[in-house]
Amino acid sequence: MRIVRAHDYDDMSRKAANIISAQVTLKPDSVLGLATGSTPLGIYAQLIEWYEKGDLDFSQVSTFNLDEYRGLAHDDPQSYHHFMRANFFDRINIDPANTHVPDGSNLDAEGVCAAYDRSVADAGYPDLQLLGIGRNGHVGFNEPGAVFSKGTYCVDLTPSTIEANSRLFDRVEDVPRQAYTMGVQTIMFARSVLVVASGEEKADAVRAMCLGPVDPQCPASILQLHAACTVIADEAALCKMPA
Ligand code: F6R
């Protein structure tokens with residue numbers, strides 16, 4: 001695991017965008033694994049800026065998002081389908097047919113998860129998987145206690161994740177209780193992994209991910225065993241790490 005120190009959120013975003021940009025430049029038909037949440041927003045904004053300047057071309061790129069709430073229509077403003085279109089896909093020249101997000105509008109959990117696993121496998125798995133990290137060490141929606149050997153599955157969200165995600169909904173009761181998520185196994189199949197973290201509320205999770213035992217209680221800790229995992233975190237998120 002390689003740890004890169006960033007001064008602040010903007011610096012973290014630029015450094016991570018540089019790695020994604022290099023990936024797409026070197027391999028124009030890259031498969032990117034993508035995340036939603038607040039942390040990657042600055043990365044997407046930076047990539048859009050470079051695309052608009054003519055420095056990046058996404059026409060051959062395909063993407064697979066980590067997760068989606070179960071039970072939300074694709075055009076629901078809270079859905080990750082909508083998030084990705086609004087914050088990234090609609091603003092670059094990616095072919096919408098090459099963008100994949102688990103189908104939260106379909107309640108057939110087994111069917112959705114099996115189909116998603118097949119399409120990620122058919123694409124050859126991500127060349128680069130972007131990840132945020134939850135305050136409880138979750139990656140995707142793999143919550144503490146997650147089984148490391150799973151592909152995509154349907155998960156019951158923990159109260160802490162429901163509470164953390166409620167900031168984006170009108171009321172906490174509106175946050176869906178279940179989601180489809182790529183499992184840890186699928187995430188580990190990516191050829192390289194890029195974890196981004198910002199802010200002091202992530203400091204315990206970052207420390208457990210990097211220095212704690214590899215333990216399902218901190219799902220991100222499995223990344224210590226990935227051959228090519230880079231963590232880019234700002235000073236606040238690294239405040240509990242040795243200097
Ligand atoms: C999002 C995802 C989540 C987030 C995590 C951190 O697709 O899979 O694991 O990466 O909850 O979220 P933020 O960045 O909002 O702190």
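This report describes the pockets, one open sheet and the cysteines of a predicted model.

## Basis of the description

Residues are numbered from 1 along each chain as its sequence is written, and side-chain values use heavy atoms, with hydrogens and water left out. Because the model is predicted, local features need pLDDT of at least 70 and side-chain atom pairs count only at pLDDT 80 or more, whereas totals for chains, interfaces and linings use all residues.

## The largest pocket

The largest pocket (an open set of points on a 1 Å grid over the protein atoms alone, where a 1.4 Å probe fits, with protein on both sides within 12 Å along at least five of seven lines) has a volume of about 570 Å³, a volume being the space filled by probe spheres set on the points. Of the 30 residues that line this pocket, Gly 37, His 138, Asn 165, Arg 167 and Lys 202 are the closest to its centre; a lining residue has an atom within 4 Å of a point.

Strand S4 (67-69), helix H3 (80-87) and helix H5 (159-165) each give at least two residues to the lining of the largest pocket, and H5 has the largest share, 4 residues. Helices (H or I, at least four residues) and strands (E, at least two) are DSSP runs numbered from the N terminus. By class, the lining of the largest pocket holds 12 nonpolar, 13 polar and 5 charged residues, where Asp, Glu, Lys and Arg count as charged and Gly is among the polar residues.

## The second largest pocket

The second largest pocket encloses about 210 Å³ of space, and of its 14 lining residues Arg 2, Val 193, Ala 228, Cys 229 and Thr 230 lie nearest its centre. Its lining divides into 9 nonpolar, 4 polar and 1 charged residues, with at least two residues supplied by each of strand S1 (2-6), helix H1 (9-26), strand S9 (193-197) and strand S10 (229-234).

## An open sheet of three strands

An open sheet of 3 strands runs in the order S4-S8-S7 with antiparallel pairing, two strands being paired if DSSP finds at least two bridges between them. S4 and strand S7 (153-156) are the edge strands, each pairing on one side only. S7 and strand S8 (residues 178-181) are joined by 4 bridges in the antiparallel sense, and Cys 154 stands opposite Tyr 180 in S8.

## Cysteines

With a disulfide taken as a pair of cysteine sulfur atoms within 2.5 Å, the count comes to 0 disulfides. The cysteine sulfur nearest to that of Cys 210 belongs to Cys 229, 7.8 Å away. Cys 210 counts as buried (under 20% relative accessible area, 1.4 Å probe, protein chains only), at 10% relative accessibility.

Notes:
Buried < 20%, exposed > 50% of the residue type's maximum accessible area, 1.4 Å probe, protein only.
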